[in-house]
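User: Could you take me through one part of this model in detail? I'd like to hear about the protein surface that meets the DNA, and then whatever else is worth a look.

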There are 2 protein chains.
Amino acid sequence: MTAARTAPAPDDAAPAASKSQRAYDWLAARIARREYAPGYRLVLGTIGAELGMSVVPVREAVRRLEAEGLVTFERNVGARVAMIDDSQYRQSMETLAVLEGAATALAARRLAVAELRRAREVNRRLVASLEDFDPHTFTALNQEFHAVLFAPCPNPRLLELVTAEWSRLGRLRDSTFAFVPGRAQESVREHEEIVALIETGAPLAEIESAARRHRSATLTAYLAHEHPDDAPHHPDDAAPAAPVRPSPGGTR
Amino acid sequence: MTAARTAPAPDDAAPAASKSQRAYDWLAARIARREYAPGYRLVLGTIGAELGMSVVPVREAVRRLEAEGLVTFERNVGARVAMIDDSQYRQSMETLAVLEGAATALAARRLAVAELRRAREVNRRLVASLEDFDPHTFTALNQEFHAVLFAPCPNPRLLELVTAEWSRLGRLRDSTFAFVPGRAQESVREHEEIVALIETGAPLAEIESAARRHRSATLTAYLAHEHPDDAPHHPDDAAPAAPVRPSPGGTR
DNA sequence: TCGAGTCGGATCGTATACGACTGCCTGCCC
DNA sequence: GGGCAGGCAGTCGTATACGATCCGACTCGA
């Protein structure tokens, strides 16, 4: 729902896209490229001047970015690029694990052999890209692999959320695999397992679980690498532990 | 992420909220109340005149509504209330089943006894509301019950999506229980089961599955009641079926 | 009678203008 | 020296104005 249109045609000759759209794309690109770092102050007038347009389209673009969580906005004060901390990345990954797992399971029974073949082919390209490793292309291929798998998911709403979360992640961090290169190898192996599960008609619960664990594992690897002190804690952490914690304080 | 602020204070004396915000609230309310039916043409100037403001705030409100999927917008043509079909409702319910299940599981280990007591109390009120049944209040209490359960979920992003989906559902349909009154009784029973699972420290997977099935069952009941011909088909439909379908046509 | 071209109204897209609010800096008073 | 009040610059919020675009209807000719 959120990231709907993202410039159908950039602009060839005529200004096919509206100025608001151009402003949106321009800002989103700058933020993604970290040219506008988190906390950076976005002044409507300045941006408008830089883009050769009035403040009105810029304003609209900023409000859209705000709705997507890329920038924060304070009334009568102004907009600034949202502060992104590590926990946001973790949360998005965790959420994506849930969404993607469900989407993959829902799509599993609708995958034709041609699509499975295509998924394998993408995975082969992933393997090939392991030598001469480039995190960015690896992430792109990785996304393509998963996209093939959950594309036939009959629930467009779920797909929408998955896509939104993917792009959100992309803006939070260019590629996880840049941080934990070792994870890439393991990842492609898990890909093959997931494809095999789908192919053999494994129970949907099992497929969902595998897909979810696959992503959670990437997150865990990242956390272990960057923050060795953090607890792993992902959706599949099913340690029974104590039945209930005692009430720490008030009702809430 | 989408439905962030929804009017902190309506407006007592001073226009605390901006006009854009007022326009947004006003439009959202009208759409929810079906006063603006799906397909209804939203003309900026007219609405602005009716609200005693210029088109600019109205425009912004409409764009926000567009971002949330409530209205569609066509350039140089105008906005109209989004056409909502039954499948959207189904998809939202299905998605919410996934999200809520995950959130509940993630929150389970963090629920203190006080919160469980509170959940049970809300459920008691649900039981009480069964006689002299009002679908609207039942839905509100139902939401409160679940909110208590997943509130301690440590993943704010996931909670955000759950909340967004709840409000989306609320706008698609006031209350499911208005359509399938019989489902309400069953629902409160399942509530107790979920609380018991959490209390006894059942595996997280089991809690998640129960929470998900709980919502899926509501959807199934609705579908069976309204569209007896539709297949049930929900996330837990784990019928093994054939391993893979043959490729129906091209690669895609 | 039917089609194509043209005209007009309706609506949006953007620019410009002005008022309102916020935060900071300066200067005064204690 | 510290604290508070006032002023000032920077921004946003909204109104108004005008050009651009689209859609429907009307007219004119074959």
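Analyst: Here's a walk along the DNA-facing surface, one strand at a time, followed by the main pocket and a salt bridge. Keep in mind that this is a predicted model.

Let's start with DNA strand C. It has 19 residues around it, and those that come nearest are A:Lys19, A:Ser20, A:Ser54, A:Asn76 and B:Arg59. Of the strand C atoms that come within 4 Å of the protein, 88% are sugar and phosphate. You can see that backbone theme in individual contacts. A:Lys19 puts a backbone N or O atom 2.6 Å from a phosphate oxygen of strand C. A:Ser20 also reaches a phosphate oxygen of this strand, with a polar side-chain atom at 3.0 Å. Chain B joins in through B:Asn76, where a backbone N or O atom sits 3.3 Å from a sugar or linking oxygen of DNA strand C. As for which elements give two or more residues to this surface, they are helix H1 (19-32) and helix H3 (55-67) of chain A, together with strand E1 (41-42) of chain B. By class, the residues here split into 9 nonpolar, 6 polar and 4 charged.

Now for DNA strand D. Here 18 residues surround the strand, and the closest are A:Arg59, B:Lys19, B:Ser20, B:Ser54 and B:Asn76. Sugar or phosphate makes up 86% of the strand D atoms within 4 Å of the protein, and the rest belong to bases. From chain A, a backbone N or O atom of A:Leu44 lies 3.4 Å from a phosphate oxygen of strand D, while one from A:Asn76 lies 3.3 Å from a sugar or linking oxygen. From chain B, B:Asn76 brings a polar side-chain atom to 3.4 Å from a sugar or linking oxygen of strand D. The elements giving two or more residues to the surface near this strand are H1 and helix H3 (55-67) of chain B. The class split for strand D is 9 nonpolar, 6 polar and 3 charged.

Away from the DNA contacts, let's turn to the largest pocket. Its volume is about 630 Å³. The lining takes in 32 residues, with B:Trp166, B:Ser167, B:Leu169, B:Gly170 and B:Arg171 nearest the centre. Several chain B helices each supply at least two lining residues: H1 (19-32), H4 (86-108), H6 (135-150), H7 (156-172) and H9 (204-226). In domain terms, at least three lining residues come from each of domain 1 (19-81) and domain 2 (86-226) of chain B. Sorted by class, the lining holds 12 nonpolar, 14 polar and 6 charged residues.

One last thing, on charge pairing. Side chains of opposite charge can pair when their charged atoms come close. Over all chains, the structure holds 36 salt bridges. One of them joins B:Arg215 to B:Glu100, with the closest N and O atoms 3.1 Å apart. This pair links distant parts of the chain: B:Arg215 is in helix H9 of chain B and B:Glu100 is in helix H4 of chain B, 115 residues apart. Helices H4 and H9 of chain B also turn up in the pocket lining, each with at least two residues.

Definitions and conventions:
Residues numbered from 1 in each chain as written. Chains lettered and ligands numbered in written order. Predicted model: local features only at pLDDT ≥ 70, side-chain atom pairs only at ≥ 80, totals over all residues. Heavy atoms only, no water. 1 Å grid on protein atoms, 1.4 Å probe; cavity = no way out; pocket = protein on both sides within 12 Å on 5 of 7 lines; lining within 4 Å. Points joined across faces, edges and corners; volume = space filled by probe spheres on them. Helix = DSSP H or I, 4+ residues; strand = E, 2+ residues; numbered from the N terminus. Nonpolar A, V, L, I, M, F, W, Y, C, P; charged D, E, K, R; others polar. Domains from an automatic or database assignment. Near = heavy atom within 4 Å. Polar contact = N/O pair within 3.5 Å; in protein donor to acceptor, adjacent residues only side chain to side chain. Salt bridge = Lys/Arg side-chain N within 4 Å of Asp/Glu carboxyl O.
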